[in-house]
Amino acid sequence: MSGRALYSIGAVARMLDIPAATLRTWEERYGVPKPERSAGGQRLYSRDQVGQLRFIKAQLAAGMAPADAHRLLAERLTAGSLFVGEPEPARTRLLVLLAERDPFAAELSEYFLRTEGYEVASARDAADAARKFEELTPSVSVIDLLISGGAGLDLCYQLKQHSDAPVLAISTLEISDQALEAGADGFLQKPLDPLQLVSAIKDMIGASAFLRLSQGDPR
């Protein structure tokens, strides 16, 4: 599952604190990692590729030149010796807004998220999701695009107009382009693998949420 394309270039830039322009330059110059392209031509990075970029960033921080860091990455990938670990585990309980129209799917996702230490606020329609987003300021929102008869795209756009907190769009339909255009930072097609959902949440919250918490922002 970790090789499945998931994150927009903007989401990856925020996760790793690497400018999107730099990611594009690295792709064009070195070819590794090379994200997939959606039907609409948007870059989509897998979890493995985010890990590869995290590896590159670590080599640069250690003083290696970008060309050498990418050469080392390519060698590790060829040799199959690159371990892509999980991001830093959560040190405090962060809030996930789960806007899911299917009560059974919501119950399963909520169970796995709570097991991993997250607080979860669930909503079954778009109006309730928007209200809870405003009241609770979650660290990340998971939006079923077919909620309230297909109001999920508008909801994604609405949430991103009010906060930079990441939004993960989910749908039974393959509409990743529409989701990203509406402001979503990532997309997963249903039915969801609960473990993949949890991993995506960990990726998308990242260190930025802990920084906001340490500065007094409740998100």
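This note goes through a predicted model point by point, from the overall make-up to single residues.

1. Overall make-up. The protein contains nine helices and eight strands, and buried residues account for 48% of its 219 residues. If one takes the contacts between residues at least 6 apart in sequence, 64% of them join residues that are at least 24 apart.

2. Strand β4 and its covering. Strand β4, which spans residues 95-99, is mostly covered, with five of its five residues buried. In a regular strand the side chains alternate between the two faces of the sheet. In β4, Leu95, Leu97 and Ala99 point one way, while Val96 and Leu98 point the other way, and all of these residues are buried. A reader looking along β4 in the model will therefore find buried side chains in both directions, since buried here stands for a relative accessible area under 20%.

3. The pairing of β4 with β5. Strand β5, residues 119-123, runs parallel to β4 and is joined to it by five bridges. As a point of reference for inspecting this pair, Leu95 has Glu119 as its bridge partner in β5. Between the two strands the chain passes through helix α5, residues 103-115, and this β-α-β crossover from β4 to β5 is right-handed.

4. The pairing of β4 with β6. Strand β4 also pairs with strand β6, residues 140-144, in the parallel sense and over four bridges. Here Val96 of β4 finds its bridge partner in Val140 of β6.

5. The packing of α6 and α7. Two packed helices are described by the angle between their axes and the distance between the axes. For helix α6, residues 126-136, and helix α7, residues 152-162, the axes come within 11 Å and cross at roughly 10 degrees. Because angles under 35 degrees count as roughly parallel, α6 and α7 are roughly parallel to each other. On the α6 side the contact involves Ala126, Ala129, Ala130 and Phe133, which meet Leu155, Gln158, Leu159 and His162 in α7. Sorted by class, this contact of α6 with α7 has six nonpolar and two polar residues, and no charged residues.

6. Cis peptide bonds. Two bonds that precede a proline deserve a look in the model. The bond joining Val32 and Pro33 is cis, with omega about -10 degrees, and Pro33 sits in the loop between α2 (20-30) and β2 (36-37). The peptide bond from Lys190 to Pro191 is likewise cis, with omega near 5 degrees, and Pro191 belongs to the loop between β8 (186-189) and α9 (194-214).

7. Positive phi at Asp17. Asp17 has a phi near 55 degrees, which is a positive value in a residue other than glycine. This residue is found in the loop between α1 (9-16) and α2. Is Asp17 buried or exposed? With a relative accessible area of 62%, Asp17 is exposed, because the cut-off for that term is over 50%.

8. Positive phi at Ser148. Ser148, although not a glycine, has a positive phi of about 55 degrees, and it is found in the loop between β6 and α7. Its relative accessible area is 42%, so Ser148 is partly exposed. A reader who follows the chain here can thus use β6, the strand that pairs with β4, and α7, the helix that α6 meets, as landmarks on either side of the Ser148 loop.

Conventions. Residues are numbered from 1 along each chain as its sequence is written. This is a predicted model: local features need pLDDT of at least 70, side-chain atom pairs count only at pLDDT 80 or more; totals for chains, interfaces and linings use all residues. Side-chain values use heavy atoms; hydrogens and water are left out. Buried means under 20% relative accessible area, exposed over 50%, partly exposed in between (1.4 Å probe, protein chains only). Two strands pair if DSSP finds at least two bridges between them. A crossover is right-handed if, with the strands pointing away from the viewer, the path from the first strand over the helix to the second runs clockwise. Axes are lines fitted to C-alpha atoms, for helices over the stretch in contact, and angles run from 0 to 180 degrees between N-to-C directions. Angles under 35 degrees count as roughly parallel, over 145 as roughly antiparallel, 65 to 115 as roughly perpendicular and the rest as oblique. Contact means heavy atoms within 4.5 Å. Ala, Val, Leu, Ile, Met, Phe, Trp, Tyr, Cys and Pro count as nonpolar, Asp, Glu, Lys and Arg as charged, and the others, Gly among them, as polar.
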